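Here are a few notes to read alongside the model on your screen. They go from single residues to the whole fold and back again.

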Amino acid sequence: LRSIMNDNFMRMTGYDENLGKSWPYVIGYGLFIINVALFIVLVLQRVFEVYHSYMILWGILISTIFFVGKHFVAAFFSWVFDYEKESGVYQFLIISFRNIMSLIFLALNIVFLFGSLNWSKSLGLLGVGIFLIFLLSRYYKGIKIARSFINTHFFQFFIYFCAFELAPWIIIYKVVKDLL
């Protein structure tokens, strides 16, 4: 939590933890992927009454591709455009936020599993709301990290932000809207 609240402490912790590539951070990220996939499956089953075999495995696979694939794409483009330092700190920020979210979604999943069916819609909306709050907070902190890059290369930052931060969520929204 301290690394999320303080930029200098985040950079120091990122340096100590190899920018999130240490085992505690990797395990926390794995828990995030599992808990988000389980949350999505529980919402689909309890709110929308969608049942398919192997839903949790598909959820974990799709979540892994979506969340981890973004790191690979960002690493590639940071190498191409030579802003690896800022990208490394931003990737560590993403990992830190998602490690905290893994604990929140673990608690939500426990309440979802053992709670009343009447709570399903409320818990689903609460989970989406928490995810959006963390996402917007991460975007704000990311802009603070990249402010020197934004000042000199605003157009490239705008293209990156639209293509890799906003477009995936718009595509997911469109796909889910059409399916449901």
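1. A quick definition to start: a residue is called buried when its relative accessible area is under 20%, exposed when it is over 50%, and partly exposed in between. L136 has a relative accessibility of 57%, so this leucine counts as exposed. You will find L136 in helix α6. Please keep in mind throughout that this is a predicted model.

2. While you have L136 selected, try locating V50 as well. These two residues are 86 positions apart along the chain, and their C-alpha atoms are separated by 29 Å.

3. Helix α6, which covers residues 120–145, also holds L126. Its relative accessibility is 44%, so L126 is classed as partly exposed, because that value falls between the 20% and 50% limits. The C-alpha atoms of L126 and L108 are 8.7 Å apart, with their positions 18 residues apart in sequence.

4. Now for the overall fold. The protein has eight helices and zero strands, so a walk along the sequence reads α-α-α-α-α-α-α-α. The radius of gyration is 17 Å, while the globule rule gives 16 Å for 180 residues; the two are close, so the protein is as compact as a globular protein of that length. The C-alpha trace spans about 50 × 35 × 25 Å along its principal axes.

5. How is the chain packed? Of the contacts with a separation of 6 or more, 75% are between residues 24 or more positions apart. Buried residues account for 39% of the 180 in the protein.

6. A word on the surface and the charges. The protein exposes about 11400 Å², and 73% of that area comes from carbon and sulfur atoms. There are 14 positive and 9 negative side chains, and the centres of these two sets are 7 Å apart.

7. The aromatic rings deserve a careful look, as a search of the whole structure finds 19 aromatic pairs. One of them joins F76 and W79, a tilted pair with 6.3 Å between centres and 45° between planes. Both residues belong to helix α4 (residues 55–81) and sit three residues apart, about one turn of the helix. F76 has a relative accessible area of 45% and is partly exposed, whereas W79, at 58%, counts as exposed.

8. Another tilted pair is formed by Y83 and F149, with ring centres 4.9 Å apart and planes at 35°. This pair links distant parts of the chain: Y83 is in the loop between α4 and α5, F149 is in helix α7 (residues 147–152), and 66 residues separate them. Are Y83 and F149 buried or exposed? Both of them are buried.

9. There is also a group of rings to colour in your viewer. Ring pairs link Y29, F32, F39, F66, F67, F105, F112, F131 and W169 into a cluster.

10. Finally, have a look at S96, which is placed in helix α5. Its relative accessibility is 5%, so this serine counts as buried. Which residues does S96 touch, leaving aside those up to four places away in sequence? They are S3, I4 and Y25.

Notes:
Residues are numbered from 1 along each chain as its sequence is written. This is a predicted model: local features need pLDDT of at least 70, side-chain atom pairs count only at pLDDT 80 or more; totals for chains, interfaces and linings use all residues. Side-chain values use heavy atoms; hydrogens and water are left out. Helices (H or I, at least four residues) and strands (E, at least two) are DSSP runs, numbered from the N terminus. The radius of gyration is taken over C-alpha atoms; the globule rule is 2.2 Å times the number of residues to the power 0.38. Buried means under 20% relative accessible area, exposed over 50%, partly exposed in between (1.4 Å probe, protein chains only). Contact means heavy atoms within 4.5 Å. Accessible areas come from the Shrake-Rupley method with a 1.4 Å probe; for residues, only the protein chains shown count as cover. Lys and Arg count as positive and Asp and Glu as negative; His and the chain ends are not counted. The place of a charge is taken as NZ of Lys, CZ of Arg, CG of Asp or CD of Glu. Rings of Phe, Tyr and Trp (its six-membered ring) pair if their centres lie within 6.5 Å; planes under 30 degrees apart count as stacked, over 60 as edge-to-face and the rest as tilted.
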